[in-house]
Each structure stands twice: as structure tokens, then as C-alpha cells.
Amino acid sequence: MTDHRPDSSVSGTTLHALLADLFPICRSLTGEGVRKTLARIGDIIPLDLHEIPTGTEVFDWTIPKEWGIQDAYIEDGSGRRLVDFRENNLHVVGYSAPVDEWLTLDALQPHLHSLPEKPDAIPFLTSYYKESWGFCLTHRQRAALAGDRFHAVIKSELKDGSLTLAECLIPGETGDEIFLSTYICHPSMANNELSGPVVAAFIGQWLRSAPRRFTYRIAFVPETIGALAYLSLRIVRLKKNVIAGFVLSCLGDDRAHSMIASRRGNTLADRIASAVLATRPDPRRAYSFLARGSDERQYCSPGADLPMVVLCRSRFGDYPEYHTSLDNLDLVTPAGLEGGFRFVRDCIELAEQNFKPRATCTGEPQLGKRGLYHQLSTGFLADDIRTIKNVLVYADGETDLIEIARLIEASPLALLPVVARLRAAGLIEP
Amino acid sequence: MTDHRPDSSVSGTTLHALLADLFPICRSLTGEGVRKTLARIGDIIPLDLHEIPTGTEVFDWTIPKEWGIQDAYIEDGSGRRLVDFRENNLHVVGYSAPVDEWLTLDALQPHLHSLPEKPDAIPFLTSYYKESWGFCLTHRQRAALAGDRFHAVIKSELKDGSLTLAECLIPGETGDEIFLSTYICHPSMANNELSGPVVAAFIGQWLRSAPRRFTYRIAFVPETIGALAYLSLRIVRLKKNVIAGFVLSCLGDDRAHSMIASRRGNTLADRIASAVLATRPDPRRAYSFLARGSDERQYCSPGADLPMVVLCRSRFGDYPEYHTSLDNLDLVTPAGLEGGFRFVRDCIELAEQNFKPRATCTGEPQLGKRGLYHQLSTGFLADDIRTIKNVLVYADGETDLIEIARLIEASPLALLPVVARLRAAGLIEP
Amino acid sequence: MTDHRPDSSVSGTTLHALLADLFPICRSLTGEGVRKTLARIGDIIPLDLHEIPTGTEVFDWTIPKEWGIQDAYIEDGSGRRLVDFRENNLHVVGYSAPVDEWLTLDALQPHLHSLPEKPDAIPFLTSYYKESWGFCLTHRQRAALAGDRFHAVIKSELKDGSLTLAECLIPGETGDEIFLSTYICHPSMANNELSGPVVAAFIGQWLRSAPRRFTYRIAFVPETIGALAYLSLRIVRLKKNVIAGFVLSCLGDDRAHSMIASRRGNTLADRIASAVLATRPDPRRAYSFLARGSDERQYCSPGADLPMVVLCRSRFGDYPEYHTSLDNLDLVTPAGLEGGFRFVRDCIELAEQNFKPRATCTGEPQLGKRGLYHQLSTGFLADDIRTIKNVLVYADGETDLIEIARLIEASPLALLPVVARLRAAGLIEP
């Protein structure tokens with residue numbers, strides 16, 4: 001199943017090229033970085049943009065000021081830049097207030113963040129809801145700081161503006177929706193950020209390439225506050241229409257496939273993701289909802305209660321480069337992204353093709369007269385005949401393909417061609 | 001429990017004697033072999049016969065022509081019979097068309113069937129639905145074939161006729177039915193054929209020996225097409241009345257006890273068979289419905305949806321002699337058949353005696369004043385008292401004996417005498 | 001949680017002192033021993049006494065005659081007391097009829113009971129429902145018996161009188177009841193008797209010290225017949241009001257914590273006891289209802305069907321001193337009783353504080369603005385924040401705290417302070 005539609009595939013190279021384009025942009029919860037990112041994604045699929053003004057109340061939250069940044073650095077007395085935002089946008093703590101001060105090393109230290117256990121990594125930190133400023137740097141850089149005075153400069157601004165969201169709605173034969181959501185608020189981070197929007201964009205392109213049974217909704221939102229803002233905008237429609245949803249996160253490395261169950265744990269989305277995950281090579285991991293960490297926190301909350309699971313390669317927090325400068329263009333590979341794309345695509349294919357088949361005749365049909373059997377009855381059947389008979393015998397109109405696959409110890413993806421033959425032969429119907 | 005009714009037992013010798021009578025008859029899907037077999041079984045229990053004409057449509061199938069065979073052989077140039085139907089009726093492929101040809105060995109080979117891995121066994125093969133002809137022989141016979149020309153002769157005929165079924169209906173106190181089905185279409189095969197009809201016949205005789213709570217229906221049918229024909233004849237009544245059913249197959253060897261679950265897996269028949277199976281000595285095997293292979297394929301199909309399980313000693317396909325000439329009168333033993341008879345009989349006993357008991361008093365009854373206790377309360381109870389108390393405490397009118405037995409970690413068969421004492425004492429009632 | 005209310009604790013010393021007061025009293029099913037015991041317990045909590053006359057029918061049973069005993073002994077020919085009730089009231093078989101006979105050792109033997117495998121222990125035996133007499137003694141005592149004649153004297157009487165019950169009803173905000181029952185019919189036995197009433201009495205005192213959500217009913221009854229008599233007196237109210245119940249038994253040793261599930265196994269009482277048991281140190285044991293042995297036999301019987309579990313330290317029958325003179329004031333310790341008290345108290349606390357929380361806002365609330373968060377988002381959360389978020393995300397108004405705790409792999413007792421903070425912050429409501 002995985003590769004039986006060559007025209008529907010996007011190469012890992014194509015995915016990685018888009019990711020490389022987006023990587024240098026300095027995204028945050030709000031601001032020009034998000035808008036530039038959405039503009040580039042808009043080259044792949046059409047997006048509807050929404051700007052939510054600063055101060056808007058969104059459930060328990062308030063849209064914060066919009067953050068902009070031109071430059072940030074620490075210089076020594078001789079004007080040499082020791083830490084420089086232009087080299088890596090992780091060097092500044094996200095949402096840092098402007099500063100322009102000379103400080104001693106002792107006074108500077110509380111504003112510095114590094115990882116002693118990963119001395120070559122710049123950590124990623126933010127301070128969205130409490131005004132402060134700070135720099136992130138490698139532990140080696142920090143250890144080398146020497147001198148009497150340091151000039152800390154952050155040329156940022158926090159002003160009334162707006163938070164930017166985007167959605168792409170792809171109508172299908174029915175109004176039942178499959179909802180994909182991914183986030184666009186981290187600066188230069190490849191796996192735990194851009195792999196999601198990149199896969200989502202090309203999934204959208206693929207979905208638009210042919211008629212679909214379901215309607216698809218793809219949201220690109222800043223994490224947490226953006227997801228809440230999107231929820232507040234669309235909650236009635238989401239609660240009414242969404243039959244399954246997927247949060248796309250960390251889909252670009254090449255070391256694992258993972259899912260995080262929904263809060264309820266037994267929704268259609270869970271059943272689909274579990275069945276597809278089981279077809280991926282090891283290692284693969286099915287996490288409970290306790291391992292959640294992205295926007296499923298909002299979408300699955302009691303007030304929203306959407307049937308959403310998370311699809312990942314290596315899950316956020318479970319790989320050593322997570323939330324550091326090591327989560328970069330080397331970590332995310334073309335093969336990793338292509339596997340992430342296929343993981344999502346196969347989940348969607350299974351959703352599209354899942355139904356509750358009903359056998360059209362009582363007892364086993366005579367397969368021989370339909371060319372589905374072989375001449376001599378030797379008592380035991382070839383594997384494919386056995387699969388055909390197993391699908392038929394469970395086709396009681398009450399049991400969907402995912403459950404039939406579980407009962408007959410097969411993958412539902414592997415059943416799809418068999419089911420197609422049986423429908424063509426008139427032996428099952430929806 | 002197993003042997004507490006000596007008058008209800010049939011000796012293995014009696015069972016084996018009937019099987020030996022039936023063994024030489026050349027049965028097939030249709031024809032005189034089936035009729036002769038049913039005539040002999042009719043000596044044990046009364047049978048109603050049904051002839052379904054060739055060409056009759058039965059669900060997705062059509063009753064085939066009736067097959068008859070007088071003789072079949074391969075001779076060499078000197079007229080010596082190298083393969084001879086009169087020695088073993090497995091030598092001819094079932095439903096072979098007539099032939100009378102001289103062929104070279106090369107031309108003959110595609111019509112020959114042997115088992116290199118079992119060089120002394122004649123395989124059993126049929127070609128019911130595609131006209132062809134062939135011979136089965138041991139691999140040693142085949143290897144010894146030498147010469148220029150071989151005379152292949154099959155004196156068979158395929159003509160309009162009928163397929164023969166039989167049923168025995170044994171009315172009980174209620175119209176709820178227990179349905180037994182077994183098959184009668186294999187030539188000289190002892191375990192995977194005759195053990196079923198032989199056990200079924202004597203179970204019928206035993207059922208008729210005393211009044212029963214349920215009505216019993218025993219069907220003797222050619223496998224697959226015969227089961228479908230019987231289903232088509234009785235489907236309304238079967239769907240309305242059958243509370244549990246058992247396919248009787250391979251009940252004659254002495255190496256295991258087995259069951260195959262129904263499609264739904266949790267019917268009364270499943271619960272009964274599981275509980276009885278658990279009382280048999282090791283090895284015993286409870287297979288899922290995926291291991292099905294006999295007429296449960298039809299009876300459990302969505303259109304029929306009967307609550308039927310298969311009862312076996314060694315399951316078809318799971319013993320090395322299966323579908324060869326080694327499945328013979330040596331493989332099936334008197335002890336094996338007697339065990340098969342008892343397995344079926346105990347399932348029926350449990351069905352007859354199962355009910356949802358309700359304790360007649362609140363709290364524990366005073367067992368002492370009823371002679372069900374001992375004088376000195378030493379705090380802990382003898383096993384039988386504990387069983388009495390356990391049955392009473394779960395006798396809530398909602399839970400049947402099979403479930404009570406599961407809850408109290410006992411065999412429901414072992415509970416039957418306890419339950420009888422409690423009913424006699426007025427402590428439980430249905 | 002266990003100790004967060006210092007004012008609600010009773011010291012083990014206090015518990016043990018009451019137990020020591022009650023220990024010497026010779027209790028039995030009926031008689032003055034029971035009344036003296038209840039009078040002393042009445043110093044701790046107010047009791048309503050009920051006297052059920054001899055001959056009263058109680059379900060399947062009849063209230064027996066009242067037993068009184070003044071003295072009992074075996075003397076030798078020289079008038080030396082070899083076995084003396086005044087030394088240990090276990091020496092006489094409970095409910096022994098009066099006797100005053102000279103017997104040979106051979107004639108005496110059938111009236112003697114000792115434990116060869118525990119030669120220093122006097123066994124505890126009764127003969128409530130069959131008139132007889134006997135003495136219990138250590139096996140060493142028995143082996144040392146020598147002489148021609150022995151004078152067996154039991155100064156007892158069996159007369160029309162009554163069986164004595166007591167109950168304490170503590171009204172709460174609602175009429176829903178939590179029912180505690182313990183037994184008062186064993187003579188000098190510390191764990192398998194007095195630990196229960198002692199803990200029950202001080203639990204009652206503690207319950208009365210503050211307003212409670214539920215109404216509490218504490219019954220002190222002779223085992224079996226007393227429980228049945230109490231059931232017959234209150235069955236309508238119990239079946240209507242009791243939401244959870246606990247039989248208190250063997251709560252005084254210091255070697256384990258145990259519970260015995262109710263008949264149904266999944267009641268509120270089971271869920272509470274399981275959750276609290278899991279917070280006790282090892283060893284701890286959750287027994288099925290098959291391990292029952294005290295008044296849960298009556299309360300959980302189908303006619304009553306109350307949701308009751310048994311709370312124990314070491315379960316009756318599972319410790320070597322059970323039902324012997326070794327079950328004494330050494331076996332039961334202040335620490336053991338205090339642990340028993342806390343076990344029961346924590347079950348009650350959990351019942352009182354359990355509810356189905358509902359989150360008041362859609363999505364996660366902003367914890368930061370409420371002082372429930374920390375400044376820098378480092379991506380992963382401290383344990384307490386994670387617990388807060390886990391409680392909130394499962395607070396769907398359908399799931400109670402016990403179930404939420406199970407889902408988030410926490411103890412519900414540990415959640416109570418978190419839940420209190422969330423209620424105070426207005427983030428959840430019932």
C-alpha cells in the first residue's frame with residue numbers, strides 16, 4: 001500500500017528544500033517571522049490568513065503584544081561581538097524586551113542560558129508572558145566569557161499588533177472533516193517545528209490533487225495560544241464536523257515513528273494511527289496521552305474534546321537535539337521527511353477507504369467461478385485466498401476494515417487491494 | 001461428571017465398529033456412497049433424507065452433477081494394474097471425468113498427484129467444480145512408474161442427479177434448538193470424516209434415550225455445498241431457534257482435544273465448549289475462528305450468523321495423516337472415539353443443565369440445620385462447603401452456572417452435583 | 001495526604017489502651033461479654049443498642065439461646081486445675097453446655113482440642129448450633145495429662161435471652177451512607193476481633209469531630225448471625241442509601257495491608273480501597289471475593305447486594321496466630337493499630353473528597369497569570385505542573401478523581417491538595 005500511488009508521492013528532496021527555505025526565518029508567537037513563513041507555504045497551498053489583535057481574549061488567555069527583533073548581541077569592551085543574533089536566532093530568548101546596558105559578568109550571568117551537559121548546543125528559550133530579556137549560548141561560549149564589562153544589546157520591540165493564523169480548507173464529498181494542525185512559532189528549529197508545516201503543506205497539495213471523500217482542514221498556528229485562538233474561531237464547526245484529527249509535529253528525523261493517543265484513546269484517529277504505525281519499521285512507539293506536549297493539549301481538552309492524535313517520527317522531548325541548535329538541517333533528512341509525509345498520507349488513505357463492508361451472499365461465495373480460486377482443493381488455502389475469505393466472513397455490516405484487520409491479524413492497509421477486488425466482484429458492499 | 005451416568009455411555013468398541021463398516025464406502029459430494037452411508041447411520045437413529053437436484057441454486061452456488069464411479073486404474077503395456085481404485089478409493093481424484101487413454105509417462109504426469117515428503121501416503125484430492133481427471137498415488141508408486149505407454153482408465157459418470165442430505169430432529173421440552181452438524185463426503189478417511197458422523201449418530205441415540213430440555217437437530221451433509229444447501233432449506237428456523245451449535249469433525253484420534261471458536265467468539269456454544277475443554281487432559285487447544293475449515297465457514301458467515309463452534313480431537317490440518325490414506329482405521333481408535341463422544345456429550349449435558357440460579361434467602365443460609373455443615377466451626381471450611389457457599393453467593397439470578405464456575409475458579413461440570421443438592425434443599429431456584 | 005490533618009489522628013497508644021481494656025472480657029455470640037464490650041465502646045462514641053430475643057427468626061436463621069459462663073476447668077484427682085478458664089477464656093469451647101463429670105483420659109479426649117503443629121497455642125473453637133461441650137488447650141498441656149480420672153466442670157448456662165447489636169449513626173450533609181461494620185463475638189483475641197471494634201470506635205469519634213458530606217453508619221455485631229440480624233433490621237435503608245461499605249477486621253498487626261473485593265468487584269468501595277491500598281507500603285494484598293470470610297459473606301450476598309469490601313492488615317486466616325491464643329496483645333501493636341486506623345480513615349477521606357470535576361475553561365488555562373507556573377518555558381514541566389495539567393485535562397465532568405488518578409498514574413490521595421488549589425483558583429468545579 002505504502003507506495004502503490006507513485007503519483008501521490010512527494011520526494012524527500014522536495015520536502016527538504018522547502019524546509020531549508022524556511023529555516024533561517026526568525027519565527028516567534030507573533031510577528032513578521034510567522035507571516036514570512038506563511039507566505040512561503042502559500043506557494044504550495046492556498047491559505048486563508050487570520051490576524052487576531054493584541055489584547056483579544058481567547059478563552060483563559062489574552063493575545064500578547066507583537067514581538068519584533070532587529071538585532072541582539074553581547075560585546076566586550078573592545079566592541080567584539082561574543083554572542084550574535086545574526087549568527088543564530090536562538091541566541092536571544094524569545095520575546096526578550098529591548099536592552100542596551102553595560103554589565104559586569106556577575107550581573108550578566110542571570111541573563112545567560114546554556115546547557116553544561118551539551119556544551120556545543122545553544123538552548124531554545126522563550127519568555128512570552130513575563131517581560132524579561134536574556135541570551136542563550138553554548139556552554140563553551142559562556143565558559144570563555146572574560147573581561148570587566150559586557151555590552152548587552154537587544155534591539156526588539158513589543159507593541160500592539162496581532163497574532164497570525166492560517167488555514168486551508170479542502171472540500172470533499174461529505175462535510176465530515178479530517179483536521180490537521182501544525183505549529184509555526186519556533187525560530188530556526190528543523191524537526192520540532194518545520195518538519196510539521198512542510199509535511200502539512202505537501203499533504204495539502206496532495207489532497208487537492210484528486211477528489212476526496214472527506215473535507216480536510218489544515219491549520220498553521222503558533223503553538224498553544226495560536227491553537228486556542230483557532231479553536232475559539234472554529235469551535236462550533238470543529239466539534240460538529242471533525243471525525244478524526246492529527247497534530248503534525250517532529251516529522252523529519254529518520255530514527256523512529258511515533259504516535260500519541262488522544263485523551264479518550266479509542267477514537268477513529270487513534271485506531272487509524274495505531275494501525276498505520278504498526279506497518280512502519282521498528283523502532284516505533286505508541287505513547288499514551290500522558291506523553292502529550294503540543295496542541296493536542298488544547299484540542300483534546302474537555303471543552304473541545306476533538307478526536308486528535310499526534311503523529312511524529314521521534315517525539316518531541318525524546319531525542320537529544322530537542323529544543324537546541326542541534327535540531328537543525330542535519331538532523332532532518334530527506335528520507336526522514338519523506339517517511340513523515342508517508343505516515344500522514346497513509347493515515348489519510350486509511351481514513352478515506354475505511355468502511356463497514358457487508359457480504360452480499362449468505363455463506364461463502366463460490367470463488368472458483370469468479371477466478372478467485374484454484375482448481376484442485378488440497379484442503380488448505382493460499383494466503384491470499386485465506387485473506388479474501390477472512391474479509392468476507394467478517395463483512396457483517398457492523399465491523400469496519402480497521403477492526404476486521406485486527407480480528408484477522410492483518411494490516412488494514414494490506415486489505416485495501418483485497419477489498420477493492422471484492423467490491424469489484426460484487427461480493428461486498430458498504 | 002464425565003462418567004457419572006454409565007447408562008449414557010457408548011463404548012469405543014461400538015463406535016469403532018460402525019466406523020469400520022462405513023470406511024470402505026466411496027463417498028463424494030454426491031452419489032451412491034453418500035446414500036449407502038446414510039442408510040447405515042439410519043440403523044442407529046431415524047433420518048429424514050433430502051435430495052437436492054443437480055442445477056438447484058443454493059445461495060452463490062449450484063448443485064453439481066452427480067458423480068458415479070465403477071472403476072479406475074492405470075495399466076502398463078502388459079495390462080498390469082499399477083494404480084487401482086479397487087485397492088483404495090483415494091487413488092482417483094474425486095469427481096474425475098471418465099477417461100480411457102494410452103499416454104506416455106510425460107503426458108500422464110500432470111494427471112498424477114503424490115506427496116514427496118510422505119512417500120507412503122496416497123493424498124486425497126478432488127476437483128468438484130472444474131472438469132478434469134487424475135490419479136493419486138504414493139510417491140514410491142510414482143517413482144517406480146517405468147515404460148513407454150500407460151493406459152489411464154476411469155469408468156465414472158457425471159450426470160444430472162441430486163445431492164443427498166439427512167437430518168434427525170429430536171424434540172425437547174422447549175423449541176430452543178441445539179444444532180449438530182457433521183459431513184459425509186470424503187471417501188475412505190477415518191478421522192477427518194467418519195469420526196464425525198459416527199459420534200453424531202450415537203449422540204443422537206443417547207439424546208433419544210431420555211427426555212431433553214432442548215430440541216436437537218443433527219445434520220449429515222456433504223461439506224460446504226451440502227451445508228449451504230441445508231442452510232438454504234432451514235435458515236429461517238435455524239436463525240430463530242438455535243441457541244448453540246457444534247460442528248463435529250475429527251473426533252476419533254487419541255492425541256488432543258480442541259475447539260474452534262465461533263465468529264463472534266463469545267456465544268453460549270463458545271462458553272460451553274471452553275468450559276468443557278478445560279476439563280479434558282492435556283494437550284488441549286482452543287483455536288480462534290481464524291483456524292476454521294469445515295462447515296462453520298458457512299454456519300457462522302454473516303448471512304447465517306449461527307452460534308456454532310467446532311469440536312475436535314486433533315484439528316483437521318494439524319495432524320500429519322490429514323487428507324491422506326494414513327487417516328485410516330489405525331489412526332482412529334476406540335478410546336479416541338469414546339473421548340470424542342464424551343466431549344460432545346458433556347457439552348450437551350452442560351447446555352441442558354445450565355441456568356441462572358437465584359438464592360432463595362438473604363444472606364448465607366444455615367447449612368448446619370440442613371446437614372450441609374459440620375459441627376465445630378474451626379474458622380475455615382472444607383472444599384465442598386466452600387463450593388456450596390460460593391455457588392450460593394453468586395446465585396443472583398443474573399449469572400449462569402458457566403459464569404459462576406468461572407468466577408469461583410471451578411469447572412461448571414463439577415458444580416452440577418452441588419447445584420442439584422442446593423436445588424433439592426430449596427436453597428436455589430431458577 | 002496520609003498525615004496532613006494532625007488533629008484527625010489518634011495515636012496507636014490510645015488505640016492499644018482501649019484494646020487492652022477490652023481484651024480480658026469473655027465475649028461470645030450472645031451474653032454479658034458482648035454487653036460489657038459495647039458499654040466500654042460507648043465511652044468513645046454514642047451507641048444505640050438492640051436486643052434481639054432468642055427464637056427470633058432472622059432470614060434462614062434463628063437467634064440462639066443466650067450463653068453465660070461463670071467458670072470452667074479440668075482438675076485431676078487431687079483437685080489441681082490442669083486447664084482453667086480463669087487463666088484464658090479460650091480454654092472452653094464457645095457455647096459449651098454445662099458439665100460436671102469425672103472421666104477417664106480416654107473418655108475425656110473427644111472433648112479436648114489442641115494443635116499439634118502449634119504446641120504452645122490454645123485454639124479457639126465454638127459450637128454455636130449443636131449442643132456439646134469441650135476444652136481447648138495447648139498441645140503441650142494435653143500431652144502432659146496423666147492420671148486415672150479427670151473432673152471436667154463447665155459452669156455455663158444456655159437460656160432464653162437475646163443477641164445484642166449496636167449501631168452509631170452520624171448524619172452528614174446528604175443521606176447517602178457509608179457503612180462500617182465490625183464484629184464483637186470472639187473472646188480474648190486481639191487482631192481477629194478487637195482491632196476492628198477499636199478502630200471503628202475511634203473512626204466514629206473522628207467522624208463526629210467535623211461536618212461530613214456523607215452519613216456514616218457503624219455497626220458492632222456478633223459475626224454472621226449478628227450481621228444477618230442487623231441486615232434484617234435495616235435492609236431497606238441499607239439497600240437504598242449505602243454507596244460504599246467497609247467490613248473492619250484484623251486491623252491491628254503490623255505486617256501487611258489487605259483488602260477483599262466485594263462480590264461485584266467494581267463498586268465505589270472497591271475503587272476507593274484499591275486506590276488507598278496502593279499507597280500503603282509493601283507487602284499489600286488485594287484479594288478477590290473468593291477470599292472472603294467475615295460479614296461481607298452476608299452483606300454482599302445476592303439478597304443484600306451491598307457494595308462492601310473488607311479492610312485488613314494481615315487478613316484472617318493468613319497469619320499463623322489466627323484463631324489461637326497467640327492472637328494477643330503482643331501481636332497487635334500501637335503502630336499496627338494506628339496503621340489500621342489510617343487505612344480506614346484514608347478510605348473515608350477519599351470517599352468524602354471524590355467527585356467528578358469539570359474544567360471551567362476550554363483548553364488549558366493560563367497557569368502563569370495565577371502563579372501556578374514558572375517564568376521561562378523550557379519546554380518540559382515540573383512534576384507538580386504536570387499533575388495540575390493532567391487533572392485539568394481529564395476534568396470532563398464524567399470522570400471521578402479516582403479514575404482520573406488511575407488514568408494519570410497517580411494516587412488519588414496525592415491529587416487532593418492539587419484539586420483543592422484548582423477549585424480555589426476557580427479552574428474546576430463539581
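The dialogue below walks through some contacts, strands and salt bridges of a predicted model.

Student: Where should I begin with the two chains B and A, and how many residues of each are in contact?

Tutor: An interface can be read first by its residues and then by its area. In this predicted model, 30 residues of chain B are in contact with 26 residues of chain A. Together, chain B and chain A bury about 2300 Å² between them, and 51% of that area is on carbon and sulfur atoms. On the side of chain B, the residues that lose the most area to chain A are B:D60, B:L290 and B:R292, which together make up 29% of what that side buries.

Student: Which polar features cross the interface of chain B and chain A, and how many residue pairs are in polar contact?

Tutor: The rule finds eleven residue pairs in polar contact across the interface of chain B and chain A, counting pairs in which both residues have pLDDT 80 or more. The count of salt bridges between chain B and chain A is four. A salt bridge joins B:R264 to A:E398, with the closest N and O atoms 3.5 Å apart. As for the elements behind this surface, α6 (225-241) and α8 (296-299) of chain B are those that give two or more residues to the side that touches chain A. The largest share, three residues, comes from α6(B). By residue type, the side of chain B that touches chain A divides into 14 nonpolar, nine polar and seven charged residues.

Student: What does the contact of chain C with chain A look like, and how many residues does it take from each?

Tutor: The same reading can be repeated here. This contact takes 26 residues from chain C and 30 residues from chain A, and the area buried between chain C and chain A is about 2400 Å², with carbon and sulfur atoms giving 51% of it. Four salt bridges are counted between chain C and chain A, and in one of them the side chains of A:R264 and C:E398 meet at 3.5 Å, N to O. The rule also finds eleven residue pairs in polar contact across the interface of chain C and chain A, both residues at pLDDT 80 or more. Helix α10 (residues 383-394) of chain C gives the largest share of the side that touches chain A, six residues. The residues on that side of chain C divide into ten nonpolar, eight polar and eight charged.

Student: Turning to a strand, is β12 of chain A mostly covered or mostly open?

Tutor: For a strand, one looks at its two faces and then at its neighbours. Strand β12 (residues 215-221) of chain A is mostly covered, since seven of its seven residues are buried. On one side A:T215, A:R217, A:A219 and A:V221 are buried, and on the other A:Y216, A:I218 and A:F220 are buried too. Strand β10 (residues 162-170) of chain A pairs with β12(A) in the antiparallel sense over five bridges, and A:E167 stands opposite A:A219 in β12(A). Strand β11 (residues 177-183) of chain A pairs with β12(A) in the parallel sense over seven bridges, where A:R217 is the bridge partner of A:F179.

Student: Why can a salt bridge tie together separate parts of a chain, as with A:E321 and A:R255?

Tutor: Side chains of opposite charge can pair when their charged atoms come close. Here, the side chains of A:E321 and A:R255 meet in a salt bridge at 3.1 Å, N to O. A:E321 lies in the loop between β16 (308-312) and α9 (334-353) of chain A, and A:R255 in the loop between β13 (242-248) and β14 (257-260), so the pair ties together parts that are 66 residues apart in sequence. A:E321 counts as buried because its relative accessibility is 15%, under the cut-off of 20%, whereas A:R255, at 34%, is partly exposed.

Student: Which residues form a salt bridge within helix α9 of chain B?

Tutor: A salt bridge may also stay inside one element. B:R342 forms a salt bridge with B:E338, the closest N and O atoms being 2.9 Å apart, and both residues lie in helix α9 of chain B, four residues apart, about one turn of the helix. B:R342 is partly exposed, with a relative accessible area of 22%.

Notes: Residues are numbered from 1 along each chain as its sequence is written. Chains are lettered from A and ligands numbered from 1 in the order in which they are written. This is a predicted model: local features need pLDDT of at least 70, side-chain atom pairs count only at pLDDT 80 or more; totals for chains, interfaces and linings use all residues. Side-chain values use heavy atoms; hydrogens and water are left out. Contact means heavy atoms within 4.5 Å. Buried area is the accessible area (1.4 Å probe) that two parts lose on being put together, summed over both. A polar contact is a pair of N or O atoms within 3.5 Å; within protein, one must be able to donate a hydrogen and the other to accept it, and residues adjacent in sequence count only if both atoms are side-chain atoms. Ala, Val, Leu, Ile, Met, Phe, Trp, Tyr, Cys and Pro count as nonpolar, Asp, Glu, Lys and Arg as charged, and the others, Gly among them, as polar. Buried means under 20% relative accessible area, exposed over 50%, partly exposed in between (1.4 Å probe, protein chains only). Two strands pair if DSSP finds at least two bridges between them.
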